[in-house]
Amino acid sequence: MESIIKEKLMKYLDSNKALFEEQHGFRSGRSCLTILLETLENWTKALDEGYGLDVVYLNYRKAFDSVPHRRLIEKLRSIGINGNLLEWLNSFLTSRTIRVGIRGTFLELMKVLSGVPQGSVLGPLLFLLYVNELPKCIKCDMKMYADDTKLWCKITKYEDSCILQDDLDKLKTWSNVHLAVEV
């Protein structure tokens, strides 16, 4: 079922150009290699033109576990996912429980309040949709592979390094707001 939904969802996203080009993770025709080659091309061009580069690598710790379900459902609704599909996705995310066990002793079942199901077919795509807005929040160049992000700024004058810092501040604010677990 997940594979069918993922295929239909990807067709919808591709036909509506809903995913930013900066995202390379878990997408057809995009990979670790494509992100590496595109980044290398951009950096080489800047250096060949005589400019410096400020580069920052980011990795969101436990990012897949931190996605609040309600916010993800709202983001899905905002890109036009609705009706039975939205209801199914909501159920897929929120109808989960976990139980911790140690040496045959188990705690009571607890409801899972956040995160996309890791190891599932849909989990990675749902995460991409959750972080999809990041490229429109910043001014620097960026490339993303799921929860790994590269930001860089071509340095033509002193003020250019301030752009990178401003973008880092924006990403920190976004992370504090959007990756905070809701109860």
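Residues count as exposed when their relative accessible area is over 50%, and as buried when it is under 20%. The views below show a predicted model.

**View 1. The two sides of helix α2 differ in exposure.** On one side of α2, L33, E41, K45 and D48 are exposed. The buried residues of this helix are I35, T39, W43 and A46. Seen down the helix axis, the buried residues of α2 fall within an arc of 55 degrees, so they line one face. An α-helix has 3.6 residues a turn, so residues three or four places apart point the same way. The buried residues of α2 pack against three strands: β1 (52-59), β6 (141-145) and β7 (148-155). Helix α2 covers residues 32-48, 17 residues in total. From first C-alpha to last it reaches 24 Å, close to the 24 Å expected at 1.5 Å a residue.

**View 2. Helix α5 has a buried side.** The helix runs over residues 83-94 and has 12 residues. Its reach, first C-alpha to last, is 17 Å, close to the 16 Å expected at 1.5 Å a residue. L86, L89, F92 and L93 are buried in α5. These four cover an arc of only 120 degrees around the axis, which puts them on the same side of α5. The face turned away from that buried side carries the exposed residues N84 and E87. The partners of the buried residues of α5 are helices: α1 (2-15), α4 (69-78) and α6 (123-131).

**View 3. Helices α1 and α5 pack against each other.** Two packed helices are described by the angle between their axes and the distance between the axes. For α1 and α5, the angle is about 130 degrees and the axes are 12 Å apart. The two helices are therefore oblique to each other. α1 passes α5 in a left-handed crossing. From α1, the contact is made by E2, I5 and L9. From α5, L85, W88, L89 and F92 take part.

**View 4. L126 sits in helix α6.** At 0% relative accessibility, L126 counts as buried. Leaving aside neighbours within four places in sequence, L126 is in contact with L72, L76, L89, F92, L93 and V116. Among these partners, L89, F92 and L93 are also buried residues of α5. L76 is 50 residues from L126 in sequence, yet the two C-alpha atoms are 8.7 Å apart in space.

**View 5. L107 lies in a loop between two strands.** The flanking strands are β4 (105-106) and β5 (110-111). Not counting residues up to four places away in sequence, L107 touches R99 and V100. A146 is 39 residues from L107 along the chain. The C-alpha atoms of L107 and A146 are separated by 32 Å.

**View 6. The whole chain, for orientation, holds eight helices and seven strands.** The C-alpha trace spans about 60 × 40 × 30 Å along its principal axes. Of the 183 residues in the protein chain, 39% are buried. Among contacts between residues at least 6 apart in sequence, 70% join residues at least 24 apart.

Technical notes: Residues numbered from 1 in each chain as written. Predicted model: local features only at pLDDT ≥ 70, side-chain atom pairs only at ≥ 80, totals over all residues. Heavy atoms only, no water. Expected span 1.5 Å × (residues − 1). Buried < 20%, exposed > 50% of the residue type's maximum accessible area, 1.4 Å probe, protein only. Arc of directions from axis to C-beta. Contact = heavy atoms within 4.5 Å. Axes fitted to C-alpha atoms, helices over the stretch in contact; angles between N-to-C directions. Parallel < 35°, antiparallel > 145°, perpendicular 65-115°, else oblique. Left-handed = near helix turned anticlockwise from the far one by under 90°.
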